[in-house]
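Visitor: Before we discuss any labels, could you show me the structure and then explain how each label is earned?

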Amino acid sequence: MSYSHYTKTDFKKWERFYRASFFNSLGGYKSCNLIGSKSSQGIENLGLFFSVIHVGANPPLLGLLFRPHSVPRHTLENIRETQSFTVNAVAEAWHHKAHQAAANYQSEENEFEKVGLTAEYKPNIEVPFVKESQVKFWCSPVEEKKIEVNKTIFMVAAIEEVFVASGLVLEDGLVDHAAAKTVSVNALDTYYSAEQISQWEYPRPNQELKRKQ
């Protein structure tokens with residue numbers, strides 16, 4: 001098999017959008033979520049994020065990466081103000097609307113209305129969910145770290161409450177994103193549908209690996 005080989009010298013020569021696309025896609029498929037938040041003035045906001053990662057299950061924690069706060073970052077600012085946000089998995093049927101949420105709207109504009117998605121409120125939760133999403137959860141931030149090398153911000157948040165459409169949680173606790181038609185993303189603009197290819201039992205040394213299904 002032949003390979004293309006690139007070095008730091010090549011990286012520096014690349015046009016910036018080409019470089020961004022290359023390195024955003026290099027690590028492979030990522031989760032695709034809309035972050036719902038609300039400003040202290042009551043303006044509903046949506047942000048498209050490809051950086052939501054699992055941090056822990058006990059207690060349940062997730063991580064969220066923000067680009068440098070050198071320009072207005074409405075989602076980050078809202079979360080800091082209200083200490084609350086929602087995470088909403090993006091589905092194939094309306095992923096184009098989610099993509100539009102990456103546009104540079106002004107802070108006084110309601111992004112749910114701008115992209116054509118529906119704000120939904122749950123009891124005792126003051127930030128909006130995306131009604132169209134089948135897998136969504138409410139979070140509160142617990143810790144922030146600035147990544148000094150490029151000034152990005154890594155936020156750790158506690159998962160407070162979860163809402164999953166009926167039938168999507170399997171007997172072993174797996175959330176079936178394939179059945180929910182959740183999409184994944186590569187680079188900044190390319191979306192993929194999910195399809196399960198296998199599921200395996202927990203691996204143990206010197207024991208035959210077994211399929212769950």
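Guide: Please keep in mind throughout that this is a predicted model.

Visitor: Why is Cys-139 in no bond with the closest cysteine sulfur, in Cys-32?

Guide: The sulfur of Cys-139 is 16 Å from that of Cys-32, the closest cysteine sulfur, which is too far for a bond, because a disulfide requires two cysteine sulfur atoms within 2.5 Å. The structure accordingly holds zero disulfides, and Cys-32 is in none, its nearest cysteine sulfur being that of Cys-139.

Visitor: What makes Cys-32 and Cys-139 count as buried or exposed?

Guide: Buried means under 20% relative accessible area; Cys-32, at 2%, therefore counts as buried, and Cys-139, with a relative accessible area of 0%, is buried as well.

Visitor: Which residues touch the most other members of the largest nonpolar core?

Guide: That core has 18 residues, and those touching the most other members are Cys-32, Leu-34, Leu-46, Leu-48, Val-90 and Trp-94. Strand S3 (44-49), helix H5 (111-115) and strand S11 (183-186) each supply at least two residues of this core. Apart from it lies another core, of 15 residues, among them Phe-49, Cys-139, Ile-153 and Met-155. Leaving aside residues up to four places away in sequence, Leu-48 touches Cys-32, Asn-33, Leu-34, Val-90, Ala-98, His-99, Ala-102 and Tyr-191.

Visitor: How do you know that S11 and strand S12 pair, and in what sense?

Guide: Two strands pair if at least two bridges are found between them, and S11 and S12 (residues 190-193) have four, in the antiparallel sense. Val-183 stands opposite Ser-193 in S12, and the hairpin of S11 and S12 has three residues between the strands.

Visitor: What is notable about phi in Ala-187, and is Ala-187 buried or exposed?

Guide: Phi of Ala-187 is near 60°, a positive value in a residue other than glycine, and Ala-187 is placed in the loop between S11 and S12. Its relative accessibility is 6%, so Ala-187 counts as buried. Asn-124, in the loop between strand S7 (119-120) and strand S8 (129-130), also is not a glycine and has a positive phi of about 65°, but Asn-124 counts as exposed because its relative accessibility is 78%, where exposed means over 50%.

Visitor: What makes the contact of Lys-122 with Glu-120 a salt bridge?

Guide: The side chains of Lys-122 and Glu-120 meet at 3.4 Å, N to O, and the pair qualifies because the rule asks for a side-chain nitrogen of Lys or Arg within 4 Å of a carboxyl oxygen of Asp or Glu. Lys-122, with a relative accessible area of 19%, is buried, and Glu-120, at 18%, likewise counts as buried. Glu-120, Lys-122 and Lys-136 are linked in a network of salt bridges, and by this rule the count comes to seven salt bridges.

Visitor: Why is it said that the pair of Asp-172 and Lys-212 ties together parts that are apart in sequence?

Guide: In the salt bridge of Asp-172 with Lys-212, the closest N and O atoms are 2.8 Å apart. Asp-172 lies in the loop between strand S10 (152-164) and S11, and Lys-212 in the segment after S12, so the pair ties together parts that are 40 residues apart in sequence. Asp-172 counts as partly exposed at 41% relative accessibility, and Lys-212 counts as partly exposed at 40%.

Note on methods. Residues numbered from 1 in each chain as written. Predicted model: local features only at pLDDT ≥ 70, side-chain atom pairs only at ≥ 80, totals over all residues. Heavy atoms only, no water. Buried < 20%, exposed > 50% of the residue type's maximum accessible area, 1.4 Å probe, protein only. Core = buried A, V, L, I, M, F, W, Y, C linked by side-chain atoms within 4.5 Å. Contact = heavy atoms within 4.5 Å.
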